[in-house]
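Colleague: I'm new to this structure and would like a short walk through it. Can we start with one residue and work outwards?
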Amino acid sequence: MAGADAKPDFRCVVCGELFDVEYPGWSQRGGQDRPNAGGLKWVWRERRSTSEDLDRSGVWRFRELLPILEDFSNAVSLREGNTPLYHMTRAAMTLRIDLLFAKHQGMNPTGSFKDTGMTAAMSVAKERGFAWVACASTGNTSAAMAAYAARAGLRSLVLIPEGKIAWGKLSQAMDYGAVTCQLQTDFDGCLSLLSQIVKEAPIYLLNSVNPYRLEGQKTPAFEIAEAFDWSVPDHLIVPGGNLGNSSALGKGFREMYELGLVAKMPKISVIQAAGANPLVRSFREHQAATLEPVIADTRATAIRIGNPASWRKAVRAIQETGGWCLDVTEAEIAIAKAEIGAEGLGCEPASAVTLAGLKKLRAEGKVASGETVVLMLTGHTLKDADYTINFHRGKLLEKDETEGREAEIAGLRRDAVAVEATPAAVLAAMKGNA
Ligand code: F0G
């Protein structure tokens, strides 16, 4: 573990890069510290049916691959993980893909994938005796942090960009008792400010620059492999914001591959919003060797990030698995979100970039019909109800954004209609929408 604890902002003093948690013995076949693949599969499955709190967490169930605590009784858990993998029958049919699934991370305790990372890093904060934890956030990290801090008995500080986070998320930070500061800057500004603050006060930083966050966020990779009986899908499609999640999933699959739990890694593709696409540009213009920050703007506020911290780790995940990095427009995101809703699954806007991206990959022939695809749905649909209501009321997108797609959008809209309180009027409304 390369001195990850040394600096409060988790960056190397020499090169400025982020740390990674490494377990040296795991990649050496026949090495002494190498966990036994068959044994792990057996014990992880057994734990699903026990009543121990730690075993019932979909993160700590995999604790052999999370040796980050001195004592596992320090784990702070809300029974996260073990999220459903849904077959997306409608989208599969439209896209002519036999096996298309959604791994719904919005079904975590605070409604997003952040819980899997937060349980890990908050447990470290508690074990090390911190009184305060903090994060900059577009909303979901702060919701998760506030909840887990409250469970751990720690105080939490949240920095958010004023007016740019969804109400559902802001309400969670308040509900769970965080000190919430709304700043006149964007997410990137909040994170850079917080990196200075943690150098001046004993506050534990819980953004995904914290490598223990990524340790927790790698566990959905284990769940996916387990669900496919240890034969992994061909493609994993992930939204890209600060790029911690794609990095963590890459690490999870890499470790399973090195340990001999799986025979290959899925192609990991990262999808960004066109208005917040620094990684796409980095691939397009600099072969992913450097990244130039952009001023980010998208209605998918969760991924409104122009200077992603973990971009190098995400590049590694994409390049070593042979995946792609591409962007999608605001209209494409809104349409994909409505389609995911119409499957009875629902998700928040940032998650919908995955389906929008898959359509492009499919059209470009990068995903074949016989391949197995998993979309990572990162947040619950109730996180950003305003977005959904505005879409269905026809108030979300500007005219120039919808050009050529008016009919498609009209077919998806389900606005609430004002109806007279009589049976005849309600029955007429049903007929009109049949
Ligand atoms: N999807 C959702 C719903 C998110 O909240 C985020 C990030 C992402 C995707 C992107 O994940 O940053 O790991 O690439 N939300 C962060 C937050 C930044 O503060 O809640 P990433």
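Modeller: Let's begin with Thr219, which is located in helix H9. Helices (H or I, at least four residues) and strands (E, at least two) are DSSP runs, numbered from the N terminus. The model is predicted: local features need pLDDT of at least 70, side-chain atom pairs need pLDDT 80 or more, and totals for chains, interfaces and linings use all residues. Residues are numbered from 1 along each chain as its sequence is written, and side-chain values use heavy atoms, without hydrogens or water.

Colleague: Is Thr219 buried or exposed, and why?
Modeller: Thr219 counts as buried because its relative accessible area is 0%. Buried means under 20% relative accessible area, exposed over 50%, and partly exposed in between (1.4 Å probe, protein chains only).

Colleague: What does the side chain of Thr219 reach?
Modeller: The backbone oxygen of Gly216, at 2.7 Å. That is a polar contact, a pair of N or O atoms within 3.5 Å; within protein, one must be able to donate a hydrogen and the other to accept it, and residues adjacent in sequence count only if both atoms are side-chain atoms.

Colleague: And the rest of H9, how many of its residues are buried?
Modeller: H9 covers residues 219-227, and 8 of those 9 are buried. Among them are Pro220, Phe222 and Ile224, and also Glu223 and Glu226.

Colleague: What comes just after H9?
Modeller: Asp229, with a positive phi of about 55°. Asp229 is in the loop between H9 and strand E7 (235-239).

Colleague: Why mention the sign of phi?
Modeller: Because most residues other than glycine have a negative phi. Asp229 is not a glycine, yet its phi is positive.

Colleague: Is Asp229 buried or exposed?
Modeller: Exposed, because its relative accessibility is 60%.

Colleague: Which residue in the loop between E7 and H10 should I look at?
Modeller: Leu243 is in that loop. Its phi is also positive, near 75°, and it is not a glycine either. Leu243 counts as buried because its relative accessible area is 2%.

Colleague: On to the ligand, then. How many residues surround it?
Modeller: There are 20, and Leu243 is one of the closest, along with Ser137, Asn242, Asn245 and Thr378. Near here means a heavy atom within 4 Å.

Colleague: Which helices each supply at least two residues of that shell?
Modeller: Helix H5 (140-152) and helix H10 (244-258).

Colleague: How does the shell divide by residue type?
Modeller: Into 7 nonpolar, 11 polar and 2 charged residues. Ala, Val, Leu, Ile, Met, Phe, Trp, Tyr, Cys and Pro count as nonpolar, Asp, Glu, Lys and Arg as charged, and the others, Gly among them, as polar.

Colleague: What polar atoms does the ligand meet?
Modeller: One of its nitrogen atoms is 3.0 Å from an N or O atom in the side chain of Lys114. An oxygen atom of the ligand is 2.8 Å from a polar backbone atom of Gly241, and a backbone N or O atom of Gly244 is 3.1 Å from a ligand oxygen. The protein covers 99% of the 470 Å² of accessible area that the ligand has on its own (Shrake-Rupley method, 1.4 Å probe; for residues, only the protein chains shown count as cover).

Colleague: Back to the protein. Which side chain does Gln217 contact?
Modeller: That of Arg213, through a polar contact of 2.9 Å. Gln217 is in helix H8 (residues 211-217), and it counts as buried because its relative accessibility is 1%.
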